[in-house]
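Trainee: I'd like to learn how to read aromatic rings in a model. Could you walk me through it?

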Amino acid sequence: MSQLLWWRDAVIYQVYPRSFADADGDGMGDLRGIASRLDHLVELGVDALWMSPFYPSPQHDAGYDVADYRDVDPRFGTLADFDALVAAAKERGLRVVVDLVPNHTSSDHVWFQEALAADSGSHARDRYHFRKGLGVDGELPPNGWQSVFGGPAWTRVPDGEWYLHLFDTSQPDLNWDLAEVRDMFEDVLRFWLDRGVDGFRVDVAHGLIKESGLPDWTAAQVPITSPGAEHRNPPMWDQDGVHDVYRSWRRILDSYPGDRMMVGEAWVAPAERLARYVRPDEMNQAFNFNYLMAPWTAADQREAIESSLAGVEPVGAICTWVLSNHDVVRHASRLGFEPGYSTQGGIGEDDPQPDEALGLRRARAATLLMLSLPGSAYLYQGEEFGLPEHTTLPDTVRQDPTWFRSRHEVRGRDGCRVPIPWEAGAPAYGFGPGGKSWLPQPVDWARFAADSERGVPGSTLSMYTEALRLRRTHGLGGGTVAWNEATDAVDFRNGPVRVITNFGKVPAPLPPGEVLLASGDLAADGTLPPDTTAWLRA
Ligand code: NOJ
């Protein structure tokens, strides 16, 4: 099965194009840079890469503001570079997943430019959500909806109407009630499928459809939508109508050979609600942010794993697992605080700083736990080096719209987006030939460079490589979790491998058996130290 449906147990590596590798030396990564580092992904042993957006964009939200869905931004290269990258990936047996941003366009998109030039009530405006304002002269927004990045979700245009943007003002939300909008995205899917992509990561998959009439909702945006807590869905998230969109996309994907897939970015809880996105005729996978957000305690981790597995079981889908991406504080830093401490708004120079050694230790334990779980796992570029967040980035260089829209209250996501280190001794750690980097890299990152860790026993890169090899050898991605019910610890068996993580403060006994891999050194007496995961053949 896993050979046929490759995505059911795949390890998928997220490339953030602007920060992965820079071939032209301008300080921003590009497609030729990605192509030049594909062998790293092969050595690491992943199955696929997912690339965040590289489409033409004014880059007000790092490319998640797309001005043209069928081209490559000149900063990142050309369509020919894209084709060459896909060919080079295929030659190496790597699959390629691209990002699709259907909830909103860029304000530079031709449709939005037409809408701005058109009159109130026109077809051009109907492609978005334009409304008259409240108040005597319409000077107040049409409702109290808040933007995810802070501030109101509405911006007024010169003729007095307002348009909806759940994110930045430069990201107007599309009106998915319109057949023309649906048709356009179906064409976009075909455009990239025809170019050979294996799948799509669907941005804001829970946001496309808004509750009809846009009823008022004044609560601040929360990271994960849970009707359990609010007793009803917020009117902008997780509306039933989104599922029709994914059913029609699934039909398109299935009409192509080669198991094309889509994975939804849906910040939806509880797990049963998320499972609706991965019913047999919808998406193939959905990101598991419940798991990403689970605190570092045995009870929370076990609960997150059990509820995730139970959530997808009735619909016959697989689970996904993820610890880091371009929107959250890297797990090597996130876990350097005590459980319960929130790093959701990012970390700045004058914030409490993580305990780096503790964070790395727990991050390695968390990764080894994650990679033992059945289903598909996502890695974020640089985590294989144990790379921490840049937690002291000067505020003057920040680019995340969150920082600006929150009026400098929320630091945002730049700290996890810093160009990654490849060569310890090279300018910009080998990011590109110009020695430049669009966000400054910390001065002490040489120790995390790929060439500092490659082939070094015990390095984080060696641990990831060995974990991926063993995961494949023992079929862990296609396995099942059988808990050791004699304990509350995270202790289970997946096929021939027993997995134990010690979340406690004191060493834990290890059962007899051959230690296949551990996230840290075992104690001299053979016990499992705190914040360590071991895989045993027992
Ligand atoms: C989710 C993306 O991952 C994030 O980076 C982006 O800002 C928002 N969607 C808006 O597109």
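Mentor: Happily! This is a predicted model. Let's begin with a charge over a ring: Arg-398 lies over the face of Trp-403, 5.8 Å from the ring centre.

Trainee: Which residue lies over the face of Trp-438?

Mentor: That is Arg-18, at 4.4 Å from the ring centre.

Trainee: And how is a pair of aromatic rings described?

Mentor: By the distance of the centres and the angle of the planes. In this structure there are 28 aromatic pairs. One of them joins Trp-50 and Tyr-378, with 6.1 Å centre to centre and 75° between the planes. The arrangement is edge-to-face, because the angle is over 60 degrees.

Trainee: Which parts does the pair of Trp-50 and Tyr-378 tie together?

Mentor: Trp-50 belongs to strand β2 (residues 48-51) and Tyr-378 to strand β11 (residues 376-380), so the pair ties together parts 328 residues apart in sequence.

Trainee: Is Trp-50 buried or exposed?

Mentor: Trp-50 is buried, at a relative accessible area of 3%. Tyr-378 also counts as buried, with 2% relative accessibility.

Trainee: May I see another pair?

Mentor: Take Tyr-291 and Trp-321, an edge-to-face pair with 5.0 Å centre to centre and 80° between the planes. Tyr-291 sits in helix α11 (residues 289-293) and Trp-321 in strand β10 (residues 320-322), so this pair ties together parts 30 residues apart in sequence. Both Tyr-291 and Trp-321 are buried.

Trainee: Which residues do ring pairs link into a cluster?

Mentor: Tyr-69, Trp-176, Phe-185, Tyr-246, Trp-249 and Tyr-277 are linked in that way.

Conventions. Residues numbered from 1 in each chain as written. Predicted model: local features only at pLDDT ≥ 70, side-chain atom pairs only at ≥ 80, totals over all residues. Heavy atoms only, no water. Phe/Tyr/Trp six-rings, centres within 6.5 Å; stacked < 30°, edge-to-face > 60°. Helix = DSSP H or I, 4+ residues; strand = E, 2+ residues; numbered from the N terminus. Buried < 20%, exposed > 50% of the residue type's maximum accessible area, 1.4 Å probe, protein only. Lys NZ or Arg CZ within 6 Å of the ring centre and 35° of its normal.
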